[in-house]
Amino acid sequence: EENRIQIRYGKASKGSGKRNRKTIFTPFAQATARVYEEHVRPFFVKGYNDEALFLSESGRRISYAAMHRELTNIVEEARKAGLELPDEMCWHALRRAFATNFMEKNSDQLGLLLQMMGHSSLGAIYRYVLHSQGYYDKMMGRVIKRMMGAIQGD
């Protein structure tokens, strides 16, 4: 109903420690999860016993190590297909990319990003937003142009 999903201990190794987080759960992701729950999950051993959404083949909650291995496989296949990805690709990199892209397109919506990412302080968001040098140069050019216009009386 809220278009969000709880992530168990969705927290990096640094910071305030493990906490449950909620993150965006788009209608497409919800539909995909429903198909998984109805047509895939019932075939897992004891898949009905665990409240976690994603399970291992043994029917237990999937481990971080397993998720890391799968991301490594996904990244490897994506690179083979010609997709350029950062050298240090991890699950948290996707969160940083989302925050950065969101702010570059919606710079006036910092409060919304804060809510969407499940943070309570603005300082936490600044660790996620990592603009490229190109974006920084472009924005500095705009600032300088405005300042020069103000000085010249435009």
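Start by selecting Glu 76 and Lys 80 and showing their side chains: the two form a salt bridge, with the closest N and O atoms 3.7 Å apart. Keep in mind that you're looking at a predicted model. That distance qualifies because the cut-off is 4 Å.

Now show the backbone around the pair. You're in helix 2, which covers residues 64–80. Glu 76 and Lys 80 sit four residues apart there, so about one helical turn separates them.

Next, keep Lys 80 selected and add Glu 77. Here's another salt bridge, Glu 77 to Lys 80, and this time the closest N and O atoms are 3.3 Å apart. The spacing along helix 2 is three residues, so once again about one helical turn lies between the partners.

Leave Glu 76, Glu 77 and Lys 80 on screen together: salt bridges link them in a network. How many salt bridges does the count come to? The total is two, so once you've looked at Glu 76 with Lys 80 and Glu 77 with Lys 80, you can stop hunting under the 4 Å rule.

Finally, switch on the surface and go through the trio. Is Lys 80 buried or exposed? Lys 80 counts as exposed, at 59% relative accessibility. Click over to Glu 76 and you'll find a partly exposed residue at 42%. Glu 77 is partly exposed too, with a relative accessible area of 46%.

How values were computed. Residues numbered from 1 in each chain as written. Predicted model: local features only at pLDDT ≥ 70, side-chain atom pairs only at ≥ 80, totals over all residues. Heavy atoms only, no water. Helix = DSSP H or I, 4+ residues; strand = E, 2+ residues; numbered from the N terminus. Buried < 20%, exposed > 50% of the residue type's maximum accessible area, 1.4 Å probe, protein only.
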